[in-house]
Amino acid sequence: MLTQRNTERARWAAVLLCCGALVPAAAACGSDETASVATAVTTTTTTAATTTIAALPSVDPYAGMPLIDHTTWTEGVDGPRLLVYPTDAGRREAFPDTEERAWQEVLTHAPDADTPGMRDQFICHWAWARMMQPDKESWNLEPWRPAVGYQATVQASCNPGGPER
């Protein structure tokens with residue numbers, strides 16, 4: 001159990017290190033405690049960064065496996081919402097540059113989701129929500145949210161234009 005937890009922390013440390021230059025630690029999906037968790041993970045695992053990066057697999061262990069199980073359109077308080085349900089592989093995948101493969105799977109399930117704002121919300125969830133809320137059943141993407149770019153989407157906890165409801 002402890003080894004699995006350390007492996008998970010090392011994996012997310014690599015994600016944080018890769019994304020850290022692009023996104024401030026305080027900007028991540030989730031609650032107000034998200035910033036402190038992201039900072040704590042960065043602080044406690046930075047010394048292992050070299051080992052973590054070297055330990056990343058050179059072959060994608062989930063290649064060929066689906067990352068997205070299914071999607072469902074619903075109607076929320078503010079308008080339509082696409083619920084994206086990742087597979088177990090999609091929750092664990094840490095191989096570099098897999099977010100685009102996952103996004104293409106979303107579009108296979110829901111072709112009408114192909115908008116810049118929805119893509120930014122998805123990539124934000126892929127990078128941050130999987131880390132901060134790994135057991136969240138689905139990720140909610142809303143086409144009514146403004147397309148503000150990836151950086152601003154992350155700063156809005158993946159929910160630009162208003163809170164998640």
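Okay, quick definition before anything else: when I say helix or strand today, I mean a DSSP run, at least four residues for a helix and at least two for a strand, numbered from the N terminus. With that in hand, take D97, which sits in the loop between helix 4, residues 88-92, and helix 5. One thing to keep in mind throughout: this is a predicted model.

Let me back up and give you the overall layout. The protein chain has seven helices and three strands. If you walk along the sequence, the pattern goes α-α-α-β-β-α-α-α-β-α. Of the 165 residues in the chain, 43% are buried. And look at the contacts with a separation of 6 or more: 66% of those are between residues 24 or more positions apart.

Right, back to that loop. So is D97 buried or exposed? D97 has 65% relative accessibility, and the cut-off for exposed is over 50%, so D97 counts as exposed. There's something else about D97, and it's in the backbone. Most residues other than glycine have a negative phi. D97 isn't a glycine, yet its phi is positive, about 65°. Hold on to that, we'll meet another one later.

Now look at T98, also in the loop between helix 4 and helix 5. T98 has a relative accessible area of 4%, so T98 is buried. What does T98 touch, if we leave aside its neighbours within four places in sequence? The list is D60, L67, E93 and W126.

While we're talking about loops, here's V59, in the one between helix 3, residues 49-55, and strand 1. V59 comes out at 61% relative accessibility, so we call V59 exposed. Along the chain, V59 and F95 are 36 residues apart, but their C-alpha atoms are separated by 8.0 Å.

Okay, on to helix 5 itself. Which residues of helix 5 are buried? They're A102, W103, E105, V106 and L107. And what do those buried residues pack against? Strand 1, which is 68-75, strand 2, which is 80-86, then helix 6, and strand 3, which is 139-141.

Let's zoom in on helix 6 from that list. When two helices pack, people describe the pair by the angle between their axes and the distance between the axes. For helix 5, residues 99-109, and helix 6, residues 116-132, the axes come within 10 Å and cross at roughly 125°. That angle is why helix 5 counts as oblique to helix 6. The crossing of helix 5 past helix 6 is right-handed. If you want to find the contact on the structure, click on E99, E100, A102, W103 and V106 in helix 5, and on M118, R119, F122, I123 and W126 in helix 6. Sort the residues of this contact by type and you get seven nonpolar, three charged and no polar.

One of the helix 6 residues there is R119. At 31% relative accessibility, R119 is in the partly exposed class, because that class runs between the 20% and 50% cut-offs. Outside its neighbours within four places in sequence, R119 is in contact with E100 and W103. R119 also sits 8.7 Å from Y150, C-alpha to C-alpha, with their positions 31 residues apart in sequence.

Last stop: the disulfide. How many are there in the structure? Just one. The disulfide joins C124 to C158, with 1.9 Å from S to S. The two cysteines come from distant parts of the chain: C124 is in helix 6, C158 is in the segment after helix 7, which is 150-155, and they're 34 residues apart. The torsion about the S-S bond is about -80°, so this disulfide is left-handed. Both C124 and C158 are buried.

Now, remember I promised you another positive phi? Here it is: C158 isn't a glycine, and its phi is near 70°. C158 has a relative accessible area of 0%, so it counts as buried. Put C158 beside D97 for a moment. D97 has a positive phi in the loop between helix 4 and helix 5, and D97 is exposed. C158 has a positive phi in the segment after helix 7, and C158 is buried.

That's my tour, so let's open up the structure and look around.

Notes: Residues are numbered from 1 along each chain as its sequence is written. This is a predicted model: local features need pLDDT of at least 70, side-chain atom pairs count only at pLDDT 80 or more; totals for chains, interfaces and linings use all residues. Side-chain values use heavy atoms; hydrogens and water are left out. Axes are lines fitted to C-alpha atoms, for helices over the stretch in contact, and angles run from 0 to 180 degrees between N-to-C directions. Angles under 35 degrees count as roughly parallel, over 145 as roughly antiparallel, 65 to 115 as roughly perpendicular and the rest as oblique. A crossing is left-handed if the near helix is turned anticlockwise from the far one by less than a right angle, and right-handed if clockwise. Contact means heavy atoms within 4.5 Å. Ala, Val, Leu, Ile, Met, Phe, Trp, Tyr, Cys and Pro count as nonpolar, Asp, Glu, Lys and Arg as charged, and the others, Gly among them, as polar. A disulfide is a pair of cysteine sulfur atoms within 2.5 Å. Buried means under 20% relative accessible area, exposed over 50%, partly exposed in between (1.4 Å probe, protein chains only).
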